[in-house]
Amino acid sequence: MLFLAADLALKLTPGPDMALTLTRGMTQGFRIAWLSVLGTFAAGAVQIPLVVLGLAAVFQESPRLFLAVKLMGACYLVYLGIRAILRSRQPQALAAVAARGEGRAVFIQGFLTNLLNPKVFIFLIAFLPQFTDPARGPVWQQMLFLACFSKLFGLCSGATFAYGAARIRHWLVRNRWFLRAQQATLGVTMIAIAGYLIFNRDPAPGR
């Protein structure tokens, strides 16, 4: 119960994944936001084995590697943001974008955004061991269970955020300016998330 309460508090804390999901939902509807959530969830297939095997601990020993991965993720978000802003200048092309398989691109974006955020690894390494007990069995099995539970819980909470944001969109979409504003808002949000990842003052691991 303590783990559930702590994980819930963390899920309700604003961050890059939540901001991306809310923006997708408000600008593009539930389906697109849900695909973004699924991409974030799928990143766990890479993150969880790394954490359970202890390989992600390298971030704690190498602040430079931590910074490098952090900058890669931020640059990727800037790239996506600029593309969205450019699309906002051509609203007639938005339907064609969707027809070319935007859903798959959104899934990949959600996947890479979460995967290239080294703080996810640091969080799992720092958070999960606090709720393990060697007396109850192998620690790695307990961490595996807790990590999978956290990801599944994140999938449910992400779906909730996506649905709520999509409900707002139904009202906003009636406005003519929204067609352009939706992509511009998405682009600005992605660039803002990148700025947060680059300029936040949290100490690097190992310091």
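A crossing is left-handed when the near helix is turned anticlockwise from the far one by less than a right angle, and right-handed when clockwise. The views below show a predicted model, in which local features need pLDDT of at least 70, side-chain atom pairs count only at pLDDT 80 or more, and totals for chains, interfaces and linings use all residues. Residues are numbered from 1 along each chain as its sequence is written, and side-chain values use heavy atoms, with hydrogens and water left out.

**View 1. The whole protein contains 11 helices and zero strands.**
Along the sequence, the pattern reads α-α-α-α-α-α-α-α-α-α-α. Elements are DSSP runs numbered from the N terminus (helices: H or I, at least four residues; strands: E, at least two). Of the 207 residues, 44% are buried (under 20% relative accessible area; exposed is over 50%, partly exposed in between; 1.4 Å probe, protein chains only). The exposed area of the protein is about 11,500 Å² (Shrake-Rupley method, 1.4 Å probe; for residues, only the protein chains shown count as cover). Carbon and sulfur atoms supply 68% of that area. Contacts (heavy atoms within 4.5 Å) reach far along the chain: of those between residues at least 6 apart in sequence, 85% join residues at least 24 apart.

**View 2. Helix α2 meets helix α3.**
Helix α2 covers residues 16-28, and helix α3 covers residues 30-42. Their axes come within 7 Å and cross at roughly 160° (lines fitted to C-alpha atoms, for helices over the stretch in contact; angles run from 0 to 180 degrees between N-to-C directions). This angle makes α2 roughly antiparallel to α3 (over 145 degrees; under 35 is roughly parallel, 65 to 115 roughly perpendicular, the rest oblique). The crossing of α2 and α3 is right-handed. From α2, the contact takes Asp-17, Leu-20, Thr-21, Arg-24, Gly-25 and Gln-28. From α3 come Phe-30, Ile-32, Ala-33, Ser-36, Val-37 and Thr-40. By class, the contact of α2 with α3 has five nonpolar, five polar and two charged residues. Nonpolar covers Ala, Val, Leu, Ile, Met, Phe, Trp, Tyr, Cys and Pro; charged covers Asp, Glu, Lys and Arg; the others, Gly among them, are polar.

**View 3. Helix α3 runs roughly parallel to helix α4.**
The axes of α3 and α4 come within 5 Å. They cross at roughly 20°. On the α3 side, the contact is made by Thr-40, Phe-41 and Ala-42. On the α4 side, Gly-44, Ala-45 and Val-46 take part. The class count for α3 with α4 is four nonpolar, two polar and no charged residues.

**View 4. Thr-27 of helix α2 is set against Ala-181.**
Thr-27 belongs to helix α2. With a relative accessible area of 3%, Thr-27 counts as buried. Thr-27 and Ala-181 are 154 residues apart in sequence. Their C-alpha atoms are 8.1 Å apart.

**View 5. Ile-48 of helix α4 is shown with Phe-145 of helix α10.**
Helix α4 spans residues 44-53 and holds Ile-48. Helix α10 spans residues 139-172 and holds Phe-145. The sequence gap between Ile-48 and Phe-145 is 97 residues, and C-alpha to C-alpha they are 9.8 Å apart. Ile-48 is buried at 8% relative accessible area, whereas Phe-145 is exposed at 58%. Leaving aside neighbours within four places in sequence, Ile-48 is in contact with Leu-144, Ala-147, Cys-148 and Lys-151.

**View 6. Lys-151 sits in helix α10 and is buried.**
The relative accessible area of Lys-151 is 14%. Not counting residues up to four places away in sequence, Lys-151 touches Thr-40, Phe-41, Gly-44, Gln-47, Ile-48 and Asn-114. Thr-40 is 111 residues from Lys-151 along the chain, with 9.0 Å between their C-alpha atoms. Thr-40 also takes part in the α2 with α3 contact and in the α3 with α4 contact.
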